[in-house]
Amino acid sequence: MKAKPVILVVDDQTQNNELLEAYLVPEGYEIIKATSGAEALEKLAGNQIDLILLDVMMPGMDGFEVTRRIRQDQKNKLMPIILVTALKETEDRIQGIKAGCDDYISKPFDKMELLARIQSLLKVKAYNDLMSNYRKELESEIVSMTAELKQSNKALDEQNARLSSIMNSPGDILIFSLNREYRYTSFNETTAKQ
């Protein structure tokens with residue numbers, strides 16, 4: 001995780017964005033603000049965001065739709081999203097979960113609860129990022145090892161072709177091979193037929 005995690009705060013009410021900024025900046029977070037769903041998606045595309053605090057009830061694209069669009073983007077598929085909203089009904093929470101949010105907190109919210117939820121989701125994100133980086137390194141290593149294996153197989157095939165050519169060349173020399181138990185395993189067929 002970066003020294004200063006970046007949180008995208010999205011609410012059409014600027015006073016709500018300012019309140020969240022006042023809570024989060026002293027806690028060591030960098031804040032990027034957006035006042036609409038469309039602006040949030042633009043800021044997400046243009047910045048390295050660690051977590052999103054997203055209002056649900058906004059004109060135009062609501063928070064549920066923003067969440068769905070973020071989840072469709074492979075790059076941000078695992079982006080932590082907390083819906084921060086005045087909606088309190090169970091159906092609204094279910095709709096948020098179905099849209100893909102990671103957590104849901106109702107306004108007015110408790111500052112300490114919000115901070116605890118943010119810290120928890122940032123830990124999960126750090127683990128996800130670590131696993132993603134590990135997977136990329138592993139995939140790179142597999143590609144490298146596969147290339148080396150192909151090269152080794154090619155060299156082995158060339159050696160086998162050379163040995164087969166020697167063993168099956170006409171001549172008076174009888175070539176045969178023994179295994180570790182000194183048992184006969186092969187011979188040059190051309191000389192053996194003479």
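Trainee: Which residues of strand β3 are buried on its two faces?
Mentor: L51 and L53 are buried on one side of β3 (residues 51–54), and I52 and L54 on the other, which leaves both faces covered. Buried is under 20% relative accessible area, exposed over 50% and partly exposed in between, with a 1.4 Å probe and protein chains only. Strands are DSSP runs of E, at least two residues, and helices runs of H or I, at least four, numbered from the N terminus.

Trainee: Anything to keep in mind about the model?
Mentor: It's predicted, so local features need pLDDT of at least 70 and side-chain atom pairs 80 or more, while totals for chains, interfaces and linings use all residues. Numbering starts from 1 along each chain as its sequence is written, and side-chain values use heavy atoms, without hydrogens and water.

Trainee: How many bridges join β1 to β3?
Mentor: There are 4, and β1 (residues 6–10) runs parallel to β3. Strands pair if DSSP finds at least two bridges. L8 stands opposite I52 there.

Trainee: And which residue of β4 stands opposite I52?
Mentor: That's I81. β3 and β4 are also parallel, paired over 3 bridges.

Trainee: New topic: how many aromatic pairs are there?
Mentor: The structure holds 1. The ring centres of Y23 and F109 are 6.0 Å apart and the planes meet at 80°, so this pair is edge-to-face. Pairs of Phe, Tyr or Trp (six-membered ring) need centres within 6.5 Å; planes under 30 degrees apart are stacked, over 60 edge-to-face, the rest tilted.

Trainee: Where do Y23 and F109 lie?
Mentor: Y23 is in helix α1 (residues 14–24) and F109 in the loop between β5 (103–106) and α5, so the pair ties together parts 86 residues apart in sequence.

Trainee: Is F109 buried or exposed?
Mentor: F109 is buried, because its relative accessible area is 16%. Y23, at 23%, is partly exposed.

Trainee: What about N76, where does it lie?
Mentor: N76 sits in the loop between α3 (63–72) and β4 (81–85). Its relative accessibility is 7%, so N76 counts as buried.

Trainee: Which residues does N76 touch?
Mentor: Leaving out residues up to four places away in sequence, N76 touches L44, I70 and R71. Contact means heavy atoms within 4.5 Å.
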